[in-house]
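Thanks for making time this morning. I'll go through one fold, starting with the sheet and then turning to the cores. Please have a look at the slide.

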Amino acid sequence: MKRLFVVAPTRRDLLNLADPRLLSRFDLVFEERPGLDGVFGSSDSTAALAVVVADRLGLPGPGYEAFMRCHDKLVSRRIQTQVVPEATPRFDSTDAMRPPERAPLPYPFFVKPVQGHLSQHAYRVDSDQRLAEVLAAARRASFRYLIAEELLSGRLVTFEGFMHRGAMTPIGVTDAVMHENGISFNRFEYPSTLPDGPQQAMADVAERLMPAIGFDQSIFNIEFFVRDDGGVSLVEVNGRMSSQFAPLVRAVHGVSSYEVQLELSAGGSPTLPPRREGVVAASFLLRTFEDAVVRSIPDAAPLLEAFPGAQVEILVREGQRLSENDDDVLSHRLAVIALSGPDRQALVERYDQAVSVLPFELSPVPMGVPQNS
């Protein structure tokens, strides 16, 4: 049994690592100790820490420099331009401390931090005035270096795969369903409904890009826009697994992507069973669009009893103000609900039922209390 150090496990990690199948294969420890075979982390921060520890101990992993080439959006874009130019949008860098005399790209364009999280501080910019406002907001948030990118359109999807000894193996493509505001995610559906052509185009991009980054021995994910003509435009590269999709992979393949990453982190050669016919899965984001104070959170047990195999991740706590969380600029997440079913219509119906048995009690923020975000 391989022993792995799980770095600063998140609530999501603890939910997914409680899988009896995983516990029968791996000895998971939560502190550094002798006899480790690997180091595991799933989020941007814990995956980065895991890479640092693995490098120090001489254990398998992508290496810190390769990991950071993924997550520094400007460095990543420059490599993309060299290796996969057909999938790389126009871009330029911007220094919030030294505002440019002219816009870095023709309006409209999108601006976001070189290193960011979720959709925080990511804005559409349509004018000089709006650009000045965005740069001022970046300075207040201590984001100095930003990247400006041309606006992309099409279907937003995520390609997930893994590198092992220089070879790229696809896991699958997940469809993003956006809220009508165009910023907040409504849900993620797996497997994608895209035809084989665009999915193969994404795999071809990944097969060229990840070795050029120097990335190996780990899961990665790449966000793409798929245009109407089937062409793909690269949004961003993440040098880690997409932990939110793990329950979906498990429902469809029978094996969680946590198991795949643990195997890679321990130096093994993972395999992923083919998709099971007649099974689709989705991860829903239960949101509210007004700041509030959480008065009570629901018990997830009735939902789990109604839908065996479902997973519920509560993202707030009693007494918390919603804007304390690191959500996007337009909404606040309450919970993540993963469900599976025979088709997409059934998934939406099950989600509606799930929400009805998962009530959150929220109250307005008292008058005169300033916004936190």
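How many bridges join strand 1 to strand 2, and do these strands run parallel or antiparallel? This is a predicted model, so please keep that in mind throughout. There are 4 bridges between strand 1, residues 2-6, and strand 2, and the two strands run parallel. Within that pair, Leu4 of the chain stands opposite Leu28 in strand 2.

Now the whole sheet. It is open, has 3 strands in the order 2-1-3, and its pairing is parallel. Strand 2, residues 26-29, and strand 3, residues 38-40, are the edge strands, each pairing on one side only. On average, neighbouring strands here are turned by 35° against each other, direction ignored.

What packs on this sheet? Helix 9, residues 257-265, does, and it touches strand 1, strand 2 and strand 3. The direction of helix 9 makes about 145° with that of strand 3.

Next, Leu262. Setting aside neighbours within four places in sequence, Leu262 is in contact with Leu4, Leu17, Leu22, Phe26, Leu28 and Phe40.

Leu262 also comes up in the largest nonpolar core, which has 34 residues. Which members touch the most other members of that core? They are Leu17, Leu28, Ile219, Tyr258 and Leu262. As for where the core residues come from, helix 8, residues 246-253, gives the largest share, with 5 residues.

There is also a second, separate core, of 25 residues. Among its members are Met168, Met202, Ala206 and Ile222.

That's the end of my part.

Notes: Residues numbered from 1 in each chain as written. Predicted model: local features only at pLDDT ≥ 70, side-chain atom pairs only at ≥ 80, totals over all residues. Heavy atoms only, no water. Pairing = 2+ DSSP bridges. Axes fitted to C-alpha atoms, helices over the stretch in contact; angles between N-to-C directions. Contact = heavy atoms within 4.5 Å. Core = buried A, V, L, I, M, F, W, Y, C linked by side-chain atoms within 4.5 Å. Buried < 20%, exposed > 50% of the residue type's maximum accessible area, 1.4 Å probe, protein only.
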